Amino acid sequence: MDWQALWLSIKLSCVTVIILIPFAILASRFLAYHHFIGKSWVEALIMVPLVLPPTVIGYYLLVGLGSQSWLGRFLEQVLGQQLVFHFSGLVVASIIVNIPFAIQPIQRAFESVPQEVRDAAACCGMSPLKILFKIELPLVWPGVLTALVLCFSHVLGEFGVVLMMGGNIAGETKTVAISIYDSVQAFDFASAGQMSLVLLLFAITVLALTTSMSRRLGRAHGSRHS
Amino acid sequence: MQDIADLYCRIKQEKHIKLDAEFTCKAGEMLAVVGPSGGGKSTLLRMIAGLNQPESGEILYGNRVWYDSDKKLSLSPQQRHLGYVPQHFGLFPNLTAMENVVAALDHIPKSERKPRAKKWLERVNLHGLPDRLPANLSGGQRQRVALARALAREPSVLLLDEPFSAVDRETRERLYLELARLKEQLAIPVIMVTHDLNEALLLADKMILISQGKMLQQGRPHDVLVRPHNEAVAKQMGLRNIFDARVIAQEEQRQITWLKFGEHLIASTYFEHLDIGTKVRWVIPNQGVRFNSIKQGRLCKSFNKLDITIESMLTMGESVRIIASVRGVRHQINAEVPLYLAQKLKLAKGVETTVALRSELIHILAPA
């Protein structure tokens with residue numbers, strides 16, 4: 001059992017969702033409530049990581065953020081270190097790959113808040129920030145929760161992008177998914193089995209918890225929006 | 001609370017939803033915006049609320065400019081400080097009835113909010129349910145919470161979007177009474193959007209008729225009903241008795257315009273600048289057709305009488321709707337009589353009789 005890899009994966013998942021979810025809430029809200037020219041193109045672009053093979057995304061990130069590219073060199077100067085083959089690079093990659101998993105459920109949740117409710121809130125004198133925190137967020141909660149769980153689990157199990165972008169450096173970029181692959185390559189099935197079981201149990205537990213929480217939340221707020 | 005004032009509104013829009021309207025709603029007055037669905041009524045209300053912006057126009061609350069396209073000025077809904085009740089009430093589903101009302105009271109000190117919310121919930125007759133979530137309230141109760149929430153703010157204007165469309169009939173009747181009672185106590189302009197003409201006749205002091213974004217007429221609801229400007233208004237108001245006739249005399253002193261309708265002589269309310277011989281369209285509401293006067297010998301005049309043959313009768317609750325053909329012309333006339341009267345006069349299909357038209361309800365339509 002590679003505890004170091006498991007810890008790194010959990011750390012990567014946490015950092016990713018902490019950065020990604022607040023951004024996704026604002027972006028989803030904007031997409032849900034605004035119509036603009038080229039909106040469908042923006043939405044299509046957001047969905048790209050869902051349909052593209054992870055290795056392809058990894059390849060572009062490696063080339064785009066590596067020291068050969070101007071962006072890579074620029075970031076290296078600003079951050080003082082290379083993004084590729086480094087934990088921070090993994091964070092960037094995880095964020096990009098998980099954008100659709102974060103935005104989709106939250107956008108759908110924002111869209112389901114009736115316009116009348118938002119209008120009434122504005123006419124009640126609430127500021128846009130207050131409407132977000134007092135009315136919208138309590139209503140889109142299940143969507144945010146789903147996004148959080150999806151992103152967390154997805155980062156935990158991500159393989160292709162991580163391998164392309166981070167390589168396999170123990171303690172730096174070697175996540176649990178890569179460690180499982182390594183163990184199998186080394187015929188260490190016991191270790192691979194243990195880590196796989198941990199991931200499987202985690203996935204089942206989290207999904208069960210989210211489902212029950214969403215249901216409870218739905219019951220508390222009533223199924224009808226009034 | 002800000003000073004109470006009249007609301008003036010002039011709105012013109014060509015793109016998306018067409019709108020062209022200009023009106024004033026005085027403080028203490030209830031204005032009904034009436035028209036068919038999809039005619040731009042709700043959009044108009046949203047523009048007054050500041051939720052939509054018209055292409056051009058002006059919205060003034062007393063001397064305060066809410067919107068002015070020339071000056072590129074538009075106050076937000078928050079700045080307009082108004083009360084808005086959307087069609088499906090727009091209650092916050094995550095907050096209780098009490099919290100819903102309290103949420104609209106940010107402008108007063110925290111310690112005063114709950115007592116005021118409680119007072120308003122009681123004022124709209126919602127007792128003992130402050131801790132319920134909207135999902136656990138009936139349609140009528142939700143409407144009351146929404147009304148309390150809008151009024152507790154002591155708004156500058158109260159805007160009601162189809163306030164009775166989402167509740168059952170029995171609740172609606174009760175809410176009519178409550179709104180009529182509340183209206184007496186409110187000193188602010190109240191604007192109500194409705195597609196139901198009866199609601200306007202029942203509750204409003206003034207109405208504007210909107211169809212396909214165009215304001216067709218404004219005035220007291222009863223006046224609009226009995227004196228529609230033109231045929232389009234008459235049809236919107238549900239008037240079916242619209243006929244052709246020829247002007248045969250003008251009596252300015254007695255304020256009568258004499259018409260020849262087939263062989264019948266009709267005395268209509270005076271219509272200026274009509275030459276003798278002009279072909280006109282005239283209208284009379286269903287309730288302007290009377291069945292009993294002639295039989296009882298009250299009417300012995302030689303005009304405003306039509307010989308008819310009843311073609312069909314439809315009983316609707318306590319009244320009977322009658323369609324009859326008029327002798328001498330190829331027209332049908334619609335009338336409505338109370339059920340007891342229809343039975344008393346033994347009205348039935350095929351019966352030939354004479355009806356009297358109430359002069360004050362006969363009205364000549366402006367040419368299109």
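**A walk from a hairpin to the shared core**

Let's start on a strand of chain B, where Met207(B) stands opposite Gly219(B) in β11(B). The model you are looking at is predicted. Met207(B) and Gly219(B) face each other within a pair of antiparallel strands: β10 (residues 206-211) and β11 (residues 214-219) of chain B are joined by five bridges. Two residues lie between these strands in the hairpin, and there Gln212(B) adopts a positive phi near 45°.

From here, turn to the place where the chains meet. Chain B gives 26 residues to the contact and chain A gives 21 residues. On the side of chain B that touches chain A, the elements giving two or more residues are α2 (77-80) and α5 (139-152) of chain B. That side of chain B is made up of 15 nonpolar, seven polar and four charged residues.

Now look inside. The largest nonpolar core has 154 residues, and among those touching the most other members are Ile106(A) and Cys151(A), along with Ala32(B), Val101(B) and Ala148(B). Helix α7 (residues 128-157) of chain A supplies the largest share of this core, with 13 residues. In soluble globular proteins, nonpolar side chains tend to be buried together. Ala148(B) is a good residue to pause at: leaving out residues up to four places away in sequence, Ala148(B) touches Val101(B), Trp120(B), Leu121(B), Arg123(B), Val124(B) and Leu126(B).

Finish in chain A with helix α9 (residues 176-185), whose buried residues include Val176(A), Ala177(A), Ile178(A), Ser179(A), Ile180(A) and Ser183(A). Just after α9(A), the backbone of Phe187(A) has a positive phi of about 55°.

How values were computed
Residues are numbered from 1 along each chain as its sequence is written. Chains are lettered from A and ligands numbered from 1 in the order in which they are written. This is a predicted model: local features need pLDDT of at least 70, side-chain atom pairs count only at pLDDT 80 or more; totals for chains, interfaces and linings use all residues. Two residues are in contact if their C-beta atoms, placed from the backbone, lie within 7 Å. Helices (H or I, at least four residues) and strands (E, at least two) are DSSP runs, numbered from the N terminus. Ala, Val, Leu, Ile, Met, Phe, Trp, Tyr, Cys and Pro count as nonpolar, Asp, Glu, Lys and Arg as charged, and the others, Gly among them, as polar. Two strands pair if DSSP finds at least two bridges between them. A nonpolar core is a set of buried Ala, Val, Leu, Ile, Met, Phe, Trp, Tyr and Cys residues joined through C-beta atoms within 7 Å. A residue is buried if 20 or more other C-beta atoms lie within 10 Å of its own, exposed if 12 or fewer, and partly exposed in between; C-beta atoms are placed from the backbone.
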